[in-house]
Amino acid sequence: MTKTMTALSAAALLSAMLMSGTAHAQTVVSLMHVETGAPLIEAWEKIATDFEASHPDVDVQIQFLENEAFKAKLPTLLQSDAAPDIFYSWGGGVLKEQSGTGALYDLTADMDAEGGAWRNSYNSGPLGGLVYDGKVWAVPYKTGSIAFFYNKEQFAKAGVNADSIKSWDDLLGAVSTLKNAGLTPLACGGGDKWPLHFYWSYLVMRNAGQDAFNAAKANEGDGFNGAPFVKAGEQLRQLGELEPCQAGYLGATWPDSLKSFADGKAAMILGFEATWQNQKTNATDGNGLAQENLGRFAFPEVPGGVGKATDTLGRLNGWALKANPKPEAIEFIKFFTNRDNERALASAGFIIPVTVDSGDAVTDPLMKQSAEQVAGSTWHQNFFDQDLGPAVGRVVNDVSVEMFVGNLSGADGAAMIKSELDLAL
Amino acid sequence: MTLPAGEILLTQPRSVAAVRKGGRWREKLPVLVLFLPPALVLFTMFVILPMGEAGWYSFYNWNGYGLPTQFVGWRNFEVLFKNASFLTALKNNGLIIVISVGVQIPLALWLANLLSNRIRGAVTFRLLFFLPYVLADVAAGLIWRFVYDGDAGLAGAIGRALGYPDLFLLADQKTAMGAVLAVIVWKYFGFHMMLFIAGLQAVDRHLLEAAEIDGANRVQKFFYVTLPLLASTLRLSIFFSIVGSLQLFDMIMPLTGGGPSNSTQTMVTFLYTYGVQRMQVGFGSAVGVVLFLICVVLAFSYKRVFMRND
């Protein structure tokens, strides 16, 4: 008797616990990212709140991890139970590596459902950058391009016309003119290395063109030892020999270099689409350069190069999902990157949107130029240090700085990248 | 089943020694069973196993996903020893040891000698000199990054006053390692000084008095009485310097991150930069194995050769 009583009460207690469990059950959808701007996160939180309003059972948790920590932790995290449902991706070689491990969810079927409604909501360029082996591995979120930004006052003072900088030699000429006028031509973040790899990347794109770059990436033929890659390195050395950067640039981080530019201590910076906001955040006085004082021009052409002036180097960020995702996670990320939300983020000046017919939402004039440049791009290339994977990518960053400083010849630099690629493949 | 040792003595008369031995064993067994496994399990899980795993991974080309499958033999080690940055890192570790022994320890010894005398303010000075050691390595690195800044830092201001307007010590590969070494000396001399003060307090005053009576001057007293008596502390101090050099990581990262041009790389920052950041777990493990071997060989041979009698 007592035994059955105990068993019954235990069962009742257990069911009560389970019941109360379901009553309060909320599906947690976690999203892990590396963005640091507080206004942007507030905008994201608003999107999450909107989603939770229509999905009362879902609790969206936006989690931040510092960039380097995120990259270092992700392999372990993805293979554990603590893996975030959705996480930030730069596309490229890292995403490709992850896609081959079974740790990621293949989004192709979801994208193609209902006649490809989801897939067709994005521009084909950004989406295509997240496809490997014909499968979609991440949801596109934002894009952008790298270009030169300049201080109009300083250009006027030195008598340099930005519109006339069309070729590499024009750029070198402008650098010399600025130097002769007693100005610092460039702000460089040599301590972080990757800010200088943009120069080599663009020079490679202009010299070699898309086909030769893709062949080198696949390590076909001479690979990175080919003539256009060596030439790109030599041209980078030419620029370095002019000593165009601010004093101490080899110890300067990217924010340091933005600060130099914002404080009017350098005339140009090769930067992201959001350079105006970025320099503002890093300015000593909190304001930096006025928007009217800021100009923008595309990376110049290289005489005799195969690449076009309309080829662009720039970001492609997306959101990847861990394998066997909760249905709510898929639903949320679909909502997060829908046209309305992309447009809202774009008009607030945070992103260049990836959804169709959304480019007009960008209001910031310099961001708009970047959006137009990407829209009209003949070849949009992801950052080399992302595209070539973490190992080869870091070598590209190292080598770019060494060539810029003059420690390595163009040929030696290219050979180091090639030999790292030989090891990786 | 387990009788207390006393009862055994009563019921089974045996030789006292044998009983004691058996009794001790029986006394120890529960202790062993209770207290050894947790330590053993933890030590195995977090020390022995990872070491073995690192050895295993070091023969593979592996990015950390799934299980290592691409066996590459000794290739990771071959690549490692051809890597110029690794050789720089090795050299830097050696340099840190040399500076520790050649500059830091003599400085610490000199200050300890001054401050172990009963002079006014000795305690305050001891505290001041010891303070940097209390500071976290990362914090020290960040502080010194500001100090060395050529625009806003103290070093920049001094440079401008002396007629060097663009003094960026950490951005120049010729000066960066020197600047890092200065921070290391600043950070750790207080620790060695404290060791020496403790050592000096153990020196018998009578010996010094005897030397004084024999007519020894201060220099002679130091070199013939104090120093020999401090020898074991000195050896310990050098041992800490060596181990510290091999571990140096958290101060370098905020200071220079190993740059410019890898000129301030140490073995551990090299491991982090080339193994962790590049997601080359196989190669990183090879670095770890080499680092481990260097540590073991250095530590054991130092202990065997210099600290045999301590």
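This note reviews how the chains, domains and two helices of a predicted model meet one another.

1. Contact between the chains. Chain A contributes 20 residues to its contact with chain B, and chain B contributes 19 residues. On the side of chain A that touches chain B, two or more residues each come from α3 (67-78) and α17 (389-405) of chain A. The largest share of that side belongs to α17(A), with 5 residues. Sorted by class, the side of chain A that touches chain B holds 10 nonpolar, 6 polar and 4 charged residues.

2. Domains of chain A. The assignment splits chain A into domain 1, made of 27-143 + 315-381, and domain 2, made of 147-313 + 383-424. Between the C-alpha centres of domain 1 of chain A and domain 2 of chain A there are 27 Å. Where these domains of chain A touch, 22 residues belong to domain 1 and 23 residues to domain 2.

3. The domain 1 side in chain A. Three elements of chain A, α4 (92-99), α15 (365-375) and β12 (379-381), each give at least two residues to the side of domain 1 that touches domain 2. Here α15(A) supplies the largest share, 6 residues. The class division on this side of domain 1 of chain A is 7 nonpolar, 12 polar and 3 charged residues.

4. Domains of chain B. In chain B, domain 1 covers 5-57 and domain 2 covers 83-306. The centres of domain 1 of chain B and domain 2 of chain B, taken over C-alpha atoms, are 41 Å apart. Their contact involves 4 residues from domain 1 of chain B and 6 residues from domain 2 of chain B. On the domain 1 side of this contact in chain B, 3 residues are nonpolar, 1 is polar and none is charged.

5. A helix pair in chain B. How are α10(B) and α13(B) oriented to each other? Helix α10 (residues 218-247) of chain B packs with helix α13 (residues 281-306) of chain B at an angle of about 175 degrees, and their axes are 11 Å apart. Because angles over 145 degrees count as roughly antiparallel, α10(B) and α13(B) are roughly antiparallel to each other.

6. Residues joining the helix pair. From α10(B), the residues in contact are R235(B), F239(B), I242(B), V243(B) and L246(B). They meet I294(B), C295(B), L298(B), A299(B), Y302(B) and F306(B) of α13(B). By class, the contact of α10(B) with α13(B) comprises 10 nonpolar residues, no polar residues and 1 charged residue.

Conventions:
Residues numbered from 1 in each chain as written. Chains lettered and ligands numbered in written order. Predicted model: local features only at pLDDT ≥ 70, side-chain atom pairs only at ≥ 80, totals over all residues. Contact = placed C-beta atoms within 7 Å. Helix = DSSP H or I, 4+ residues; strand = E, 2+ residues; numbered from the N terminus. Nonpolar A, V, L, I, M, F, W, Y, C, P; charged D, E, K, R; others polar. Domains from an automatic or database assignment. Axes fitted to C-alpha atoms, helices over the stretch in contact; angles between N-to-C directions. Parallel < 35°, antiparallel > 145°, perpendicular 65-115°, else oblique.
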